[in-house]
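Me: I'd like a close look at one part of this protein, with its surroundings taken in turn. Could you walk me through it in one connected answer?

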Amino acid sequence: MRDLNCTGIKPLQDGQLYHDPGFIPGEMADMLLNRLIEEVPWQQDNIRIFGKTYQQPRLTALYAENERSYTYSGITMNPLPFPSILQPVKEAVEKRADHKFTTCLLNLYRDGNDSNGWHADNEKELGSNPVIASLSLGATRAFHLKHLEDKSLRYRLFLEHGSLLIMGGAMQHHWLHQIPKTRKPVGRRINLTFRSIQ
């Protein structure tokens, strides 16, 4: 797996990636992290894998400017209205992405045991070529990418506190991504994943 050291737009085979490691300044990122940990009504849903039920290895929450639910991995989440603390964040992300988002799925990774396995954000309610913007707060975690057809295309990118990652084009048709578990001692991390629910 090759490290992907990119700032700005990175054209990939069958997709496009944008990375801004300093999107939100440190003090503002610290404030957001602390307030979201304390104020978000985090939940831990059950998922079924090969017929067995497990607790999802992270906590989640969903906010939206409409009442449309979001279903992934057999889990249906019903949104809460965007809180005031997230409105300016949403607007800043929309400006950078040049895209309007309706919904934000938040993930809280409490330590290195929390993870998000290989997947694509390809649910039908996201549309054919969705734009997904992910804002990272807290501990730096590795973000892995692998191409579905060309097995030689595997990358690793480190997502820092205050960084913004945007996936666009045909990424969700041709690539999988994950936040793997790690045995290294790491602190808490929140990522806010902005998307548009059709």
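Reply: Let me begin with a cut-off: a residue is called buried when its relative accessible area is under 20%, exposed when over 50%, and partly exposed in between. Please keep in mind that this is a predicted model.

With that in hand, take aspartate 14, which sits in the loop between β2 (8–12) and β3 (15–20). Its relative accessibility is 31%, so aspartate 14 counts as partly exposed. Its backbone deserves a look too: aspartate 14 is not a glycine, yet its phi is positive, at about 65°. As background, most residues other than glycine have a negative phi.

Aspartate 98 also has a positive phi, near 55°, without being a glycine. This residue lies in the loop between α2 and β10 (103–109), and it follows α2. Because its relative accessible area is 71%, aspartate 98 is exposed.

That brings us to the helix itself. In α2 (residues 87–97), the buried residues are Val89, Lys90, Val93, Glu94 and Ala97. Viewed down the axis of α2, these buried residues fall within an arc of 135°, so they line one face of the helix. What do the buried residues of α2 pack against? Their partners are α1 (26–39), β12 (132–138), β15 and β17 (189–195).

One of those partners, β15, spans residues 164–168 and contains leucine 165. Leucine 165 has a relative accessible area of 3%, so it is buried. Setting aside neighbours within four places in sequence, leucine 165 is in contact with Leu17, Tyr18 and His19, with Ile132, Ala133 and Ser134, and with Phe143, Leu157 and Leu159. For a sense of distance, the C-alpha atoms of leucine 165 and asparagine 107 are separated by 15 Å, while the two residues are 58 apart along the chain.

Phe143 leads us on to histidine 177, because it appears among the contacts of that residue and, with contact meaning heavy atoms within 4.5 Å, among those of leucine 165. Histidine 177 lies in strand β16 (residues 175–179). Its relative accessibility is 5%, so histidine 177 counts as buried. Beyond its neighbours within four places in sequence, histidine 177 is in contact with Gly117, Trp118, His119, Ala120 and Asp121, as well as Phe143, His144, Leu145, Met167 and Gln172. With aspartate 121 there is also a polar contact: the side chains of histidine 177 and aspartate 121 are joined at 3.3 Å.

Finally, let us return to β10 by way of its partner β6. Strand β6 (residues 59–64) is mostly covered, with six of its six residues buried. Which residues point each way from β6? Leu59, Ala61 and Tyr63 point one way, Thr60, Leu62 and Ala64 point the other way, and all are buried. β6 and β10 run antiparallel and are joined by six bridges; here leucine 59 stands opposite leucine 108 in β10. β6 also runs parallel to strand β9 (residues 80–81), with two bridges joining them, and in this pairing tyrosine 63 stands opposite leucine 80 in β9.

Terms used: Residues numbered from 1 in each chain as written. Predicted model: local features only at pLDDT ≥ 70, side-chain atom pairs only at ≥ 80, totals over all residues. Heavy atoms only, no water. Helix = DSSP H or I, 4+ residues; strand = E, 2+ residues; numbered from the N terminus. Buried < 20%, exposed > 50% of the residue type's maximum accessible area, 1.4 Å probe, protein only. Polar contact = N/O pair within 3.5 Å; in protein donor to acceptor, adjacent residues only side chain to side chain. Arc of directions from axis to C-beta. Pairing = 2+ DSSP bridges.
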